[in-house]
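Trainee: I am new to this structure and would like a close look at one part of it. Please choose a residue, follow it outwards into its surroundings, and explain each term as it comes up.

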Amino acid sequence: MSDVVGIKSDKSRFDYRKGGNLKWTAKVEAVLLERVTPDAVDRWRHDYVARAESPEMIRKKKTSANSLIRQAKALFSSNVKKRVSEILNLPEQLPFDGIENF
């Protein structure tokens, strides 16, 4: 979900030998959770699907976006929130509040 906050990536993010992966990971981990808003996630989702060039690619991108969002939403489930709220200051509005599937 680095695209949500505008972190550009290239193949170097997979380069674990020369440190490209560490640099990319450091950028992602430096993002404050407050920057990942429902509006930003929704904007990313629409932009991601809009880059499709055919009806089949639109369908595939919608499925991928829904899957990514569903997986990320799980990080903020009520069970997880109970456990991490003691050690983390979660923002008032969580990143995936109100985000529905396509």
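Mentor: Let us begin with the word contact, which here means that heavy atoms lie within 4.5 Å. This is a predicted model, in which local features need pLDDT of at least 70 and side-chain atom pairs count only at pLDDT 80 or more, while totals for chains, interfaces and linings use all residues. Residues are numbered from 1 along each chain as its sequence is written, and side-chain values use heavy atoms, with hydrogens and water left out.

The residue to start from is Val-41. When its neighbours within four places in sequence are set aside, Val-41 is in contact with Met-1, Val-4, Val-36, Ile-69, Pro-95, Phe-96 and Ile-99. Several of these names return when we turn to the nonpolar core, a set of buried Ala, Val, Leu, Ile, Met, Phe, Trp, Tyr and Cys residues joined through side-chain atoms within 4.5 Å. Buried stands for under 20% relative accessible area and exposed for over 50%, with partly exposed in between, using a 1.4 Å probe and protein chains only. The largest nonpolar core holds 17 residues, and those touching the most other members are Val-4, Val-5, Val-36, Val-41, Trp-44, Ile-69 and Phe-96. Two or more residues of this core come from each of helix H2 (38-50) and helix H3 (55-74), and H2 gives the largest share, 5 residues. In soluble globular proteins, nonpolar side chains tend to be buried together.

Since Val-41 belongs to H2, that helix deserves a careful look. Helices (H or I, at least four residues) and strands (E, at least two) are DSSP runs, numbered from the N terminus; this chain has 4 helices and 0 strands. The expected span of a helix is 1.5 Å times one less than its number of residues, so the 13 residues of H2 should span 18 Å, and its end C-alpha atoms are indeed 18 Å apart. Within H2 the buried residues are Pro-38, Ala-40, Val-41, Trp-44, Arg-45, Tyr-48 and Val-49. They lie on the same side of H2, because they cover an arc of only 160° around the axis, the arc being that of the directions from the helix axis to the C-beta atoms. The face of H2 turned away from this buried side carries the exposed residues Asp-39, Arg-43 and Ala-50.

The buried residues of H2 pack against H3, so the partner helix comes next. H3, with 20 residues, reaches 29 Å from its first C-alpha to its last, close to the 28 Å expected at 1.5 Å a residue. Its buried residues are Lys-61, Ala-65, Asn-66, Ile-69 and Ala-72, and they line one face of the helix, because seen down the axis of H3 they fall within an arc of 135°. H2 is among what covers the buried residues of H3, and Ile-69 of that buried set is in contact with Val-41.

The aromatic rings add detail to this picture. Rings of Phe, Tyr and Trp (its six-membered ring) pair if their centres lie within 6.5 Å, and planes under 30 degrees apart count as stacked, over 60 as edge-to-face and the rest as tilted. This rule gives 2 aromatic pairs. Trp-44 and Tyr-48 form a stacked pair, 5.2 Å from centre to centre and with 20° between the planes. Because they are 4 residues apart in helix H2, these two are separated by about one helical turn. Both Trp-44 and Tyr-48 are buried. In the other pair, Phe-76 and Phe-96, the ring centres are 6.0 Å apart and the planes meet at 45°, so the pair is tilted. That pair links distant parts of the chain, with Phe-76 in the loop between H3 and helix H4 (78-84) and Phe-96 in the segment after H4, 20 residues apart. Phe-76 counts as buried at 18% relative accessibility, and Phe-96 does so at 9%.

Phe-96 thus leads us back to the start, for it is in contact with Val-41 and is one of the core residues that touch the most other members. As a setting for all this, 26% of the 102 residues of the chain count as buried, and of the contacts between residues at least 6 apart in sequence, 60% join residues at least 24 apart.
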